[in-house]
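Welcome, and thanks for opening the viewer. Please load the model, keep the sequence panel beside it, and follow along one selection at a time.

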Amino acid sequence: MMIIPARTALLPIILTGVVFLLASLAQAAKEAKTEESTVERESSLEDCFTIEAGTELKWHWGSGEPLDFNIHYHREGKTVYPVKAPGATSGRGALSFEQPQKICLMWKNG
């Protein structure tokens, strides 16, 4: 995912990227999701979806300006953060889930 910041503090940050949801390596190509989004100053972008048991989530993103990034889900009334990256300009990784789970990827600008 590539995030291109605005040139002034009044303009938004542009978020462009790829999030891969892989049920297996053989399905990688057909499961890819690419998005371009805007994250306004003092706001956030959240992408939530349900991931099936045994699925691996792979992600990649980048930005010209620091953003707070996390991957989280809710379990038993608590928010669980398997990934937190405050003030990051890029991120890449993979997570596996042993049970179906609604998860959210979040970027915060300021």
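What follows is a short walk from the whole chain to a few of its side chains.

**Stop 1: the whole chain**

Begin with everything shown, and keep in mind that this is a predicted model. Colour the protein by pLDDT: the average is 76, and 70% of the residues score at least 70. Now select residues 1-14, where the pLDDT is below 50. The model gives this stretch 52 contacts beyond near neighbours in sequence. Next, select residues 16-30, where pLDDT stays under 50 as well, with 39 contacts beyond four places in sequence. Where pLDDT is low, the predicted coordinates should not be read in detail. Let us therefore spend the rest of the tour elsewhere, as that caution suggests.

**Stop 2: the fold**

Switch to a cartoon view. How many helices and strands are in the protein? There are 1 helix and 7 strands. If you trace the chain along its sequence, the elements come in the pattern β-β-α-β-β-β-β-β. Turn on contacts, too: among those between residues at least 6 apart in sequence, 66% join residues at least 24 apart.

Then try a surface view. The protein exposes about 6500 Å², and carbon and sulfur atoms supply 52% of that area. Of its 110 residues, 35% count as buried.

**Stop 3: the nonpolar core**

Hide the surface and select L57, W59, F69, I71, I103 and L105 as sticks. These residues have the most contacts inside the largest nonpolar core, which has 18 residues. Which strands each supply at least two residues of this core? Colour β4 (43-51), β5 (55-75), β6 (78-97) and β7 (101-109) to see them. Among the contributors, β5 gives the most, with 7 residues.

**Stop 4: F69 and the rings around it**

Centre the view on F69. This residue is buried, with a relative accessible area of 3%. Apart from neighbours within four places in sequence, F69 is in contact with W59, W61, V83, K84, A85, L105, M106 and W107.

Now show the aromatic rings; the count in this structure comes to 5 aromatic pairs. Look at W59 and F69: their ring centres are 6.3 Å apart and their planes meet at 40°, so the pair is tilted. W59 is buried, at 7% relative accessible area. Move on to F69 and W107, whose ring centres lie 5.2 Å apart with planes at 45°, so this pair is tilted too. F69 sits in strand β5 and W107 in strand β7, and the pair links parts of the chain 38 residues apart. W107 is buried, with a relative accessible area of 3%. Add W61 to the selection to complete the picture: ring pairs link W59, W61, F69 and W107 into a cluster.

**Stop 5: the disulfide**

For the last stop, select C48 and C104. A disulfide joins C48 to C104, with an S to S distance of 2.0 Å, and the structure holds 1 disulfide. The link is right-handed, with 110° about the S-S bond. C48 lies in strand β4 and C104 in strand β7, so the pair ties together parts that are 56 residues apart in sequence.

Buried or exposed: which describes C104? C104 is buried, with a relative accessible area of 6%. Its partner C48, at 31% relative accessibility, counts as partly exposed.

Note on methods. Residues are numbered from 1 along each chain as its sequence is written. This is a predicted model: local features need pLDDT of at least 70, side-chain atom pairs count only at pLDDT 80 or more; totals for chains, interfaces and linings use all residues. Side-chain values use heavy atoms; hydrogens and water are left out. pLDDT is the predictor's confidence in each residue, from 0 to 100. Contact means heavy atoms within 4.5 Å. Helices (H or I, at least four residues) and strands (E, at least two) are DSSP runs, numbered from the N terminus. Buried means under 20% relative accessible area, exposed over 50%, partly exposed in between (1.4 Å probe, protein chains only). Accessible areas come from the Shrake-Rupley method with a 1.4 Å probe; for residues, only the protein chains shown count as cover. A nonpolar core is a set of buried Ala, Val, Leu, Ile, Met, Phe, Trp, Tyr and Cys residues joined through side-chain atoms within 4.5 Å. A disulfide is a pair of cysteine sulfur atoms within 2.5 Å. Rings of Phe, Tyr and Trp (its six-membered ring) pair if their centres lie within 6.5 Å; planes under 30 degrees apart count as stacked, over 60 as edge-to-face and the rest as tilted.
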